[in-house]
Amino acid sequence: MLLWKAGLLTRAYILDEEENSIAIYFNISMPIMDFLTESHTAMLRHEVKLYAEIFVNAQGERQYISLESNNIALFVSYFDNTAYNSFFFSCYPLQDITRIKEFGYFYDAPSSYSIEVNGGRETDKSRELIQMRMISKNPNKQIQSFYRTFQRNLKNISGLQKHTQKKYYYLPTEKIIIPANPHSQNTRDHWEDFCLSKIERVE
């Protein structure tokens, strides 16, 4: 495992030449429907499930909704919900979710079994990056194997390109690609305009 620091951010990469490198952070820009469809084979193979995290009220109580393979469109609709926070892949059993509801899914043990995913929203003007992150420094082997397989599958998508300067993969689009923002619930449109204005000033 190779570790380095950039400012206060520490990133790690598990390197395996035969399996392609496994990035703890993996950023990709593509339609969320295609992303979820692409994930299906790897999820079945590694017995991993996908959940959306929705805030139920202002007190921060959460609801976890699983993706059903025959209704990806319904799952995608959560991205337009202002209460949507993020989604995640997990092989952690959810029979007892009392502590999860109280503290959030990534509290304590579940984090070792999970891949957090932020972003994925899309409008007529922009496409938000999808950012995946392996949370635990000591991940469960099952979720690690899924992550390796899924990253490899994504990299093999026809037409996928790699941005050499910003270090993310993308399918070409006329829309402006903006960063994933995990704290944009309830302010999505304003935040999108803010990001676009910043990009325009830089250009």
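A residue counts as buried when its relative accessible area is under 20%. The exercises below use a predicted model.

**Exercise 1. Classify F89 and F150, then describe how their rings meet.**

Step 1. Take F89. Its relative accessibility is 0%. That is under the 20% cut-off, so F89 is buried.

Step 2. Take F150. Its relative accessible area is also 0%, so F150 is buried.

Step 3. Look at the rings. Their centres lie 5.6 Å apart, and the planes meet at 70°. Planes over 60 degrees apart count as edge-to-face. The F89–F150 pair is therefore edge-to-face.

Step 4. Locate the two partners. F89 sits in strand 7, and F150 sits in helix 4 (residues 141-155). They are 61 residues apart, so the pair links distant parts of the chain.

Step 5. Widen the view. F89 and F150 belong to one aromatic cluster with F35, F87 and F146. The count of aromatic pairs comes to 10.

**Exercise 2. Place strand 7 in its sheet and find its partners.**

Step 1. Write down the strand order. The open sheet has 8 strands, in the order 6-5-7-8-10-4-12-11, with mixed pairing.

Step 2. Mark the edges. Strand 6 (62-66) and strand 11 (161-163) each pair on one side only. Neighbouring strands are turned by 25° against each other on average, direction ignored.

Step 3. Read off one side of strand 7. Strand 7 (residues 84-90) pairs with strand 5 (residues 49-55) in the antiparallel sense, over 6 bridges. Here L50 has F89 as its bridge partner.

Step 4. Read off strand 8. Strand 8 (residues 114-119) pairs with strand 7 in the antiparallel sense, over 4 bridges. F87 stands opposite V117 of strand 8.

Step 5. Check burial. In strand 7, 7 of the 7 residues are buried, so the strand is largely enclosed by the rest of the structure.

**Exercise 3. Test the length of helix 1, then describe its bend and its packing.**

Step 1. Compute the expected span. Use 1.5 Å times one less than the number of residues. For the 15 residues of helix 1 this gives 21 Å.

Step 2. Compare. The end C-alpha atoms are 21 Å apart, which agrees.

Step 3. Look for a bend. Helix 1 has a kink of about 30°, centred on H40.

Step 4. List the buried residues. They are I32, F35, L36, S39, A42, M43 and H46. They pack against strand 4, strand 5, helix 2 (72-77), strand 7, strand 10 and helix 4.

Step 5. Look past the end. E47 follows helix 1 and has a positive phi, near 55°.

**Exercise 4. Is Y169 buried or exposed, and which residues does Y169 contact?**

Step 1. Locate Y169. It lies in strand 12 (residues 168-170).

Step 2. Apply the cut-off. The relative accessible area of Y169 is 17%, so this residue is buried.

Step 3. List the contacts, leaving aside neighbours within four places in sequence. Y169 is in contact with F26, N27, I28, S29, K155, L160, Q161 and K162.

Step 4. Compare sequence with space for one of them. Y169 and F26 are 143 residues apart in sequence. Their C-alpha atoms are 8.5 Å apart in space.

Technical notes
Residues numbered from 1 in each chain as written. Predicted model: local features only at pLDDT ≥ 70, side-chain atom pairs only at ≥ 80, totals over all residues. Heavy atoms only, no water. Pairing = 2+ DSSP bridges. Helix = DSSP H or I, 4+ residues; strand = E, 2+ residues; numbered from the N terminus. Axes fitted to C-alpha atoms, helices over the stretch in contact; angles between N-to-C directions. Phe/Tyr/Trp six-rings, centres within 6.5 Å; stacked < 30°, edge-to-face > 60°. Buried < 20%, exposed > 50% of the residue type's maximum accessible area, 1.4 Å probe, protein only. Contact = heavy atoms within 4.5 Å. Bend = angle between axes of the 7 residues up to and from the residue.
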